[in-house]
Amino acid sequence: MEKLHHIVVVGGGAGGLELVTSLGDKLGRKQKARISLVDAGLTHVWKPLLHEVASGSLDANANEINYRAHARKHHYEFQLGRMSGLDRANKHIIIAPFRDEDGQEVVPERRLQYDTLVIAVGSTANDFGTPGAQEHCLFLDSLKQARRFHNLMLNAFLRKNHEALQGQPHTLNISIIGAGATGVELAAELRLASRELPIYGMNHLKSSDVSISVIEAADRILPALPGRLSSAATRELERQKVQVLTGQPVSEVRNDRLIMKDGTELPSEMTIWAAGIKAPPFLAELDGLETNRGNQLIVEQTLRTTKDPDIFAFGDCAACPQPDSDRPVPPRAQAAHQQADTLFKTLCHRLEGKEAVPFVYNDHGSLINFSKYTTVGNLMGNLSGRSMYIEGKVARLFYVSLYRMHQVALHGFLRTGVIWLMDKISRAMHPRLKLH
Ligand SMILES: Cc1cc2nc3c(=O)[nH]c(=O)nc-3n(C[C@H](O)[C@H](O)[C@H](O)COP(=O)(O)OP(=O)(O)OC[C@H]3O[C@@H](n4cnc5c(N)ncnc54)[C@H](O)[C@@H]3O)c2cc1C
């Protein structure tokens, strides 16, 4: 029997999971190719939800997808493991030993053969080597980190509530370094948590006892987005009593404070790093593949790596050129979603000996969600190329639709409709905040 062409996708995130789902449904099901997904975790949660998991406004369990169950349904194979290296001559990826929570080796280092390899391992926070950041900051790169943040936040509220009861000083200072979309949205989620927690029994702590600051090195928040959005977001944060500090690079993080470049200090008992991203460092040592300073694999417009025609990369871990621009495609969920679509076509073409499809990023705009309070954003007109400012319920609808599109790609329209209905019922039956 002829050996099936083996497509291996590494990373089942916003882009990778959509890609293996379509490949499995189209090629795996009909035995036209063997499709495998390798991921370092057992379950998938869409990354743009992590700040909601951290604040407790979203229960991750209800939004988690188990790769094994999903693989069975969509005709691909799943391998649990972290890719650590590459052997291009033999067409093998190297998967690091898998260890349990106690550090005991469960599976030794192994190799997986591929005919076509797709790397979609995402990105992690970039602390730019700021002293103290690794030791004292919390990060939001994974579900594990988001859950850890949530537990620490609940304990901090509990401690401050007790101190208030004892008549002691009890202000909780929370700082978010980086006022991109993640930092701004997280600030609003935390403000909501600080308002709702007293309702659930922490009667001595008031929302005003929780001081939330967003610190940005650039001269305005949301520096990558249009000025009008930035002004609207600043107004909204101030309305929610979030302190906004701009033009303030952080030069050191300590366990109880931040030191700014100009020497001023800001008390901070919980510090979250949300300024900038970089691709995982192992990519920079991947058997001669070309990377940039942020460890991103450099790809052509077809998402093919520049040094190997059998290896593709997309999403946050890839630097893909855009026509008529000197900047690569931005690291965003909507870009990963669109690239998964294009790469699906390319990989189907590849089996038929046809040309790869060039990727053209279609920026639909940017939306910033301030928890349950409001949403602001700009939508791009497809034909005019001009942006339209929106806010409130309409903006919220577009914001939510990005996640629903991801769910449609993974489950189809019918099941996404059922999930939407179940979400509504769950919201009506459970407390607004996850309390454990
Ligand atoms: C809190 C937060 C909010 C965000 N909000 C938005 C938003 O509103 N809109 C928007 O467009 N974007 C948003 N983003 C950015 C968006 O999440 C990313 O651009 C998107 O997830 C990138 O998709 P990806 O498939 O490249 O990587 P990811 O979704 O990060 O997936 C990477 C996958 O690779 C796996 N992996 C990593 N290393 C390895 C390895 N060595 N071996 C095997 N598997 C590995 C990981 O487990 C993960 O499953 C947000 C990001 C964060 C952190």
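**A walk from helix 1 outwards**

The axes of helix 1 and helix 8 (residues 333–351) come within 9 Å of each other and cross at roughly 35 degrees. The crossing of this pair is right-handed. From helix 1, the contact draws on Glu-18, Leu-19, Ser-22, Leu-23, Lys-26 and Leu-27, and helix 8 supplies His-337, Ala-340, Leu-343, Phe-344, Leu-347, Cys-348 and Leu-351. Sorted by character, the residues of this contact are 9 nonpolar, 2 polar and 2 charged. Please keep in mind as you look around that this is a predicted model.

Two packed helices are described by the angle between their axes and the distance between the axes. With that in hand, let us turn to another partner of helix 1. Helix 1 (residues 16–28) and helix 9 (residues 393–429) have axes that come within 9 Å and cross at roughly 30 degrees. Angles under 35 degrees count as roughly parallel, and helix 1 and helix 9 are therefore roughly parallel to each other. Here helix 1 passes its partner, helix 9, in a left-handed crossing. The residues that make this contact are Leu-17, Glu-18 and Thr-21 on helix 1, together with His-406, Ala-409 and Leu-410 on helix 9. They divide into 3 nonpolar, 2 polar and 1 charged. Glu-18 is listed in the contact with helix 8 and also in the contact with helix 9.

Now step back to view the whole chain. Its secondary structure comes to 9 helices and 27 strands. The radius of gyration is 22 Å, close to the 22 Å that the globule rule gives for 436 residues, so the chain is as compact as a globular protein of that length. The C-alpha trace spans about 80 × 55 × 45 Å along its principal axes. Of the 436 residues, 50% count as buried. How much of the contact network joins residues at least 24 apart? Among contacts between residues at least 6 apart in sequence, the share is 64%.

A single pair of residues can bring distance along the chain into view. Ser-142 sits in the loop between strand 13 (137–138) and helix 5 (143–165). Leu-50 is 92 residues away from Ser-142 along the chain, yet the C-alpha atoms of the two are separated by 7.3 Å. Ser-142 itself is partly exposed, with a relative accessible area of 27%.

Helix 6 (residues 181–196) offers a charged residue to inspect, Glu-189. Is Glu-189 buried or exposed? Its relative accessibility is 3%, and buried means under 20%, so Glu-189 counts as buried. Setting aside neighbours within four places in sequence, Glu-189 is in contact with His-51, Glu-52, Ser-55, Ser-57 and Ser-371.

The last stop concerns the backbone. Most residues other than glycine have a negative phi. Lys-241, which is not a glycine, has a positive phi of about 60 degrees. You will find Lys-241 in the loop between helix 7 (227–239) and strand 16 (242–245). Asn-295 has a positive phi too, near 65 degrees, and its place is in the loop between strand 21 (277–278) and strand 22 (297–298). As for their surroundings, Lys-241 is exposed, with a relative accessible area of 61%, whereas Asn-295 is buried, with a relative accessible area of 13%.

Conventions. Residues are numbered from 1 along each chain as its sequence is written. This is a predicted model: local features need pLDDT of at least 70, side-chain atom pairs count only at pLDDT 80 or more; totals for chains, interfaces and linings use all residues. Side-chain values use heavy atoms; hydrogens and water are left out. Axes are lines fitted to C-alpha atoms, for helices over the stretch in contact, and angles run from 0 to 180 degrees between N-to-C directions. Helices (H or I, at least four residues) and strands (E, at least two) are DSSP runs, numbered from the N terminus. Angles under 35 degrees count as roughly parallel, over 145 as roughly antiparallel, 65 to 115 as roughly perpendicular and the rest as oblique. A crossing is left-handed if the near helix is turned anticlockwise from the far one by less than a right angle, and right-handed if clockwise. Contact means heavy atoms within 4.5 Å. Ala, Val, Leu, Ile, Met, Phe, Trp, Tyr, Cys and Pro count as nonpolar, Asp, Glu, Lys and Arg as charged, and the others, Gly among them, as polar. The radius of gyration is taken over C-alpha atoms; the globule rule is 2.2 Å times the number of residues to the power 0.38. Buried means under 20% relative accessible area, exposed over 50%, partly exposed in between (1.4 Å probe, protein chains only).
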